[in-house]
Amino acid sequence: PGRRRVLWAMITYEHGRWGVLFLFRRRGSVFAKALAWAVPGAAVAATLSWVRDYHGYEQAASATSALTSVASFVSILGFMLVFRSNQAWNRYWEGADLV
């Protein structure tokens, strides 16, 4: 029979002459998963923008509430980024200590 492919094997990349050919590979790429989230979000944003522009949507919220919501989002995103980076750093040093 044919050769069985091991699912947990490391992916080898052919970087090519300029070192960017691996970006266009399907196997091991995260673009498909990213598009699964990005395309519906872009469709919702485009629909809301179209509704606002062509159906006479009046702005009900003040600029202060918009800035507050953006500031809240950025604060939560910053906290999550710092937390995840700290976890990764701790995992790295735990692995380095074990070696």
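Me: Is phenylalanine 83 buried, partly exposed or exposed?
Reply: Keep in mind that this is a predicted model. Partly exposed covers the range between the buried limit of under 20% and the exposed limit of over 50%. Phenylalanine 83 comes out at 44% relative accessibility, so the label is partly exposed.

Me: And what about phenylalanine 79, buried or exposed?
Reply: The cut-off for exposed is over 50% relative accessible area. Phenylalanine 79 has 58%, so the label here is exposed.

Me: How many aromatic pairs turn up in a search of the whole structure?
Reply: Ring centres have to lie within 6.5 Å to count as a pair. Searching the whole structure on that basis gives a total of five.

Me: Why is the pair of tryptophan 50 and tyrosine 54 called tilted?
Reply: Planes under 30 degrees apart would be stacked and over 60 edge-to-face, with the rest tilted. The ring centres of tryptophan 50 and tyrosine 54 are 6.4 Å apart and their planes sit at 45°, so this pair is tilted.

Me: Which of the labels, buried, partly exposed or exposed, fits tyrosine 54?
Reply: Tyrosine 54 is in helix H1, four residues from tryptophan 50, about one helical turn. Tryptophan 50 is partly exposed at 46%. Tyrosine 54 has 62% relative accessibility, so for this residue the label is exposed.

Me: What angle lies between the ring planes of phenylalanine 79 and phenylalanine 83?
Reply: Both residues lie in helix H2, four residues apart, or about one turn. Their rings are 6.3 Å centre to centre and make a stacked pair, with an angle between the planes of 15°.

Note on methods: Residues numbered from 1 in each chain as written. Predicted model: local features only at pLDDT ≥ 70, side-chain atom pairs only at ≥ 80, totals over all residues. Heavy atoms only, no water. Phe/Tyr/Trp six-rings, centres within 6.5 Å; stacked < 30°, edge-to-face > 60°. Helix = DSSP H or I, 4+ residues; strand = E, 2+ residues; numbered from the N terminus. Buried < 20%, exposed > 50% of the residue type's maximum accessible area, 1.4 Å probe, protein only.
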